[in-house]
Amino acid sequence: GADDIFVFMDAYKQSAHQGPEVTRTLASRMTWVWRKSGYAMAITSATTCAAFLCTIFTPIASVRSFGIFAALVILWDYVLVMSLFCTAVVIYHNRFERDAACQVPGLCGCRTAGC
């Protein structure tokens with residue numbers, strides 16, 4: 001859920017400080033982010049999904065149905081974060097991040113506003 005977004009964005013912010021081999025292109029930066037955050041999100045999503053799937057063994061049909069539904073939602077959330085949210089971060093980088101960051105002295109290597 002929301003924790004996947006936090007993990008992905010934290011890795012994205014960390015990638016800006018990883019040196020020229022990571023920050024040379026947006027593709028190399030997003031590859032680093034994907035590898036850094038993807039494994040952690042896969043593990044947490046898998047364990048949460050497995051916990052909800054444990055409700056399969058309950059005799060109460062409504063609890064069993066909820067567990068299966070929740071497990072599928074967690075799995076689908078992981079897929080969406082790794083695909084659609086990644087795309088949203090690329091759009092954010094291309095359209096908003098550079099302009100906003102370069103208006104603040106000290107960010108993006110600038111010493112003065114508007115560079």
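## A guided tour from Ser37 outwards

Select Ser37, and show with it Val7, Phe8 and Ala11, which Ser37 touches once residues up to four places away in sequence are set aside. Ser37 itself lies in helix H3, and at 0% relative accessibility Ser37 counts as buried, because the limit for that class is under 20%. Bear in mind from this point that what is on screen is a predicted model.

**The whole chain**

Zoom out and colour by secondary structure: the protein comes to four helices and zero strands, and from the N terminus on the elements run α-α-α-α. Of the 115 residues, 27% count as buried, while the protein exposes about 7,600 Å², of which carbon and sulfur atoms supply 69%. Among the contacts with a separation of 6 or more, those between residues 24 or more positions apart account for 50%.

Now colour by confidence instead. The mean pLDDT of the protein is 84, and 83% of its residues reach 70 or more. Select helix H2, residues 20-23, where confidence is lowest at a mean of 86, and then helix H3, where it is highest at 91. Where pLDDT is low, the predicted coordinates should not be read in detail.

**Further along helix H3**

Which residues should be displayed together with Ser45 if its neighbours within four places in sequence are left aside? They are Asp4, Ile74 and Tyr78, each in contact with Ser45. Like the starting point of the tour, Ser45 lies in helix H3, and at 9% relative accessibility Ser45 counts as buried, because this value falls under 20%. Draw a distance from the side chain of Ser45 to the backbone oxygen of Met41, and the viewer should give 2.9 Å.

**Into the loop and the nonpolar patch**

Next, move past the end of helix H3 (26-53) and select Ile56, which is found in the loop between H3 and H4. Ile56 is partly exposed, with a relative accessible area of 37%, and this value is over 30%, so Ile56 passes the accessibility cut-off for joining a surface patch. Extend the selection to Leu53, Phe57, Ile68, Leu72 and Leu75, which together with Ile56 make a nonpolar surface patch of about 590 Å². Which helix gives the most to this patch? Helix H4, residues 61-101, does so, with three residues.

**Two stops on helix H4**

Stay on helix H4 and select Val63, which is found there and is partly exposed, with a relative accessible area of 36%. Not counting residues up to four places away in sequence, Val63 touches Thr55 and Thr58. Add Phe52 to the view as well: its C-alpha atom and that of Val63 are separated by 9.8 Å, although the two residues are eleven apart along the chain.

The last selection is Ala70, also in helix H4. Is Ala70 buried or exposed? Ala70 is buried, with a relative accessible area of 8%, whereas Val63 is partly exposed. To finish, draw the distance between the C-alpha atoms of Ala70 and Leu53, which are 8.3 Å apart for residues that stand 17 apart along the chain; Leu53 was already on display as one of the residues of the nonpolar patch.

Key
Residues are numbered from 1 along each chain as its sequence is written. This is a predicted model: local features need pLDDT of at least 70, side-chain atom pairs count only at pLDDT 80 or more; totals for chains, interfaces and linings use all residues. Side-chain values use heavy atoms; hydrogens and water are left out. Patches are made of residues with over 30% relative accessible area and no salt bridge: like charges are joined within 9 Å, nonpolar side chains (Val, Leu, Ile, Met, Phe, Trp, Tyr) within 5 Å. Accessible areas come from the Shrake-Rupley method with a 1.4 Å probe; for residues, only the protein chains shown count as cover. A salt bridge is a side-chain nitrogen of Lys or Arg within 4 Å of a carboxyl oxygen of Asp or Glu. Helices (H or I, at least four residues) and strands (E, at least two) are DSSP runs, numbered from the N terminus. Buried means under 20% relative accessible area, exposed over 50%, partly exposed in between (1.4 Å probe, protein chains only). A polar contact is a pair of N or O atoms within 3.5 Å; within protein, one must be able to donate a hydrogen and the other to accept it, and residues adjacent in sequence count only if both atoms are side-chain atoms. Contact means heavy atoms within 4.5 Å. pLDDT is the predictor's confidence in each residue, from 0 to 100.
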